[in-house]
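This briefing walks through one protein chain and its ligand, topic by topic. Please keep the sequence and the 3D view at hand while reading.

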Amino acid sequence: MPPLPPEDPPPGIDREALTRTVAMVNDKGGVGKTSLVANLAGQFAAAGYRCLLVDLNRQANLADDLGFRDGPADDRGAGLLVSVVAGTPLRPVEGVRPGLDVVAGGARLVDLVPLMVSRVQEQGREAFLALAEVLAPVAGDYDLVFIDCPPETTILTDLALAAARWVLMPTKSDGGGLVGMRLVGERFALARELNPDLGLLGAVLFATGSRSRVVHAEVREAVEEAFGGHSPLFTTSIRHAERTAQDARRLGRLAHELEQEVAAQPAWWAALREGGGGSARRLSPTAASVAGDYRDLGVELLTLLRATEESATGSTIPGARPDQEATP
Ligand SMILES: Nc1ncnc2c1ncn2[C@@H]1O[C@H](COP(=O)(O)OP(=O)(O)OP(=O)(O)O)[C@@H](O)[C@H]1O
Ligand SMILES: [Mg+2]
């Protein structure tokens, strides 16, 4: 019998397709991960970019923020689970907004955790490449891909860190967010053994009432401590705006969509005259300012990505942002 031809080596992961994949990570809950991915992707899509959101959360707040919970796009994470189990490319739900596709999270992701535990026991940490393998074949269709990571479920975060090119890390200015950041720093270092391209794009101050330099300096120091000497903190922060946040999640609208609705709502005195219930159901006018914060952050983020891509060679810090190159 003639000898069998040598088997083809398994196809590698197309890292090129994942160069604009950003994981939104902080082990601490409630620091703005979901609000940021939804609003950034929503604004980019509204500006004409093709965007994909991948939700790794069992509670799937993204479905609330984008208003698709219990609708046809909401498979509660079943598609994502099947892809990872079978190793088949993800099949995003198209057009949650024009230009914005989604791979939904939800209760079905509960099964992903034990599956990953047993795979890691069999294959070692290489098993965390499972998301990269099923995301890469579709990521090239998009200008930007965001992965919304869960709090505390480190095994799912490890999947995201093995797939992404960049980490973006929201934090509040209180101690909790900063502790979460330190935990991310540890997982980031481990993930780079599998995914050497992974870089820290930066930290973003979320729901802050303060523009004070002292607060910013403290957060910068915490990022430095967590990530070993690099201190990228975005200049733009997202302001504290509780009513706008409540309106957004209740109505399934993004800040820039609320901004348009606020502009269209009748003046309060006209609403009163027409018996519209006074101020009870009126949208908070702060939506416009919050939308402006997300817009500024989006511009900052794109500018950074472009600069990184243009100066892709000659980096002394692997995965570093170009503005860190000159930093000793
Ligand atoms: N600008 C804002 N100011 C104040 N609160 C906000 C703002 N934007 C969103 N929120 C609220 O903050 C809370 C946490 O936000 P979000 O769900 O985005 O955080 P998260 O990090 O994704 O949380 P989790 O870790 O539980 O997934 C939510 O209740 C949200 O409505
Ligand atoms: Mg969330």
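In this predicted model, the largest nonpolar core holds 56 residues, and L131, L135, I147 and F227 are the ones that touch the most other members. Helix α5, residues 130-139, gives the most to this core, with eight residues. Apart from it lies another core, of 41 residues, which includes A45, C51, L168 and L302.

**The chain as a whole**

- The chain contains twelve helices and seven strands, and buried residues make up 52% of its 328 residues.
- Among the contacts in the chain with a separation of 6 or more, 80% are accounted for by residues that lie 24 or more positions apart.
- About 15300 Å² of the chain is exposed, and 54% of that area is supplied by carbon and sulfur atoms.

**Contacts of I147**

- Not counting residues up to four places away in sequence, I147 touches T21, V22, A23, M24, V37, V54, L56, L131, L135, A160 and A163.
- Two of these partners, L131 and L135, are also named with I147 among the residues of the largest nonpolar core that touch the most other members.

**Strand β2 and its partners**

- Strand β2, residues 51-55, is largely enclosed by the rest of the structure, because five of its five residues are buried.
- The side chains of C51, L53 and D55 point one way from β2, whereas L52 and V54 point the other way, and all of them are buried.
- With strand β4, residues 100-103, β2 pairs in the parallel sense over four bridges, and in this pairing C51 stands opposite L100.
- With strand β5, residues 144-148, β2 pairs in the parallel sense over five bridges, and here C51 stands opposite L144.
- C51 is also one of the members of the core of 41 residues, while V54, from the same strand, is among the residues that I147 touches.

**Helices α10 and α12**

- In helix α10, residues 255-264, the buried residues are A255, H256, E257, L258 and V262.
- These buried residues of α10 pack against α1 (33-46), β3 (93-97), α9 (242-251) and α12 (287-310).
- L305 is found in helix α12, and it counts as buried because its relative accessibility is 0%.
- Leaving aside its neighbours within four places in sequence, L305 is in contact with R20, L144, W166 and L201; of these, L144 is the β5 residue that stands opposite C51.
- L305 and L201 are 104 residues apart along the chain, yet their C-alpha atoms are separated by 8.4 Å.

**Surroundings of ligand 1**

- There are 17 residues around ligand 1, and K33, S35, R239, A241 and R249 come nearest.
- An N or O atom in the side chain of K33 is 2.8 Å from an oxygen atom of ligand 1, and a backbone N or O atom of T34 lies 2.9 Å from an oxygen atom of the ligand.
- Q59 places a polar side-chain atom 3.2 Å from an oxygen atom of ligand 1.
- Taken alone, ligand 1 exposes 640 Å², and the protein buries 82% of that area.

Methods. Residues are numbered from 1 along each chain as its sequence is written. Chains are lettered from A and ligands numbered from 1 in the order in which they are written. This is a predicted model: local features need pLDDT of at least 70, side-chain atom pairs count only at pLDDT 80 or more; totals for chains, interfaces and linings use all residues. Side-chain values use heavy atoms; hydrogens and water are left out. Buried means under 20% relative accessible area, exposed over 50%, partly exposed in between (1.4 Å probe, protein chains only). Helices (H or I, at least four residues) and strands (E, at least two) are DSSP runs, numbered from the N terminus. Two strands pair if DSSP finds at least two bridges between them. Contact means heavy atoms within 4.5 Å. Accessible areas come from the Shrake-Rupley method with a 1.4 Å probe; for residues, only the protein chains shown count as cover. A residue is near a molecule or strand if one of its heavy atoms lies within 4 Å of it. A polar contact is a pair of N or O atoms within 3.5 Å; within protein, one must be able to donate a hydrogen and the other to accept it, and residues adjacent in sequence count only if both atoms are side-chain atoms. A nonpolar core is a set of buried Ala, Val, Leu, Ile, Met, Phe, Trp, Tyr and Cys residues joined through side-chain atoms within 4.5 Å.
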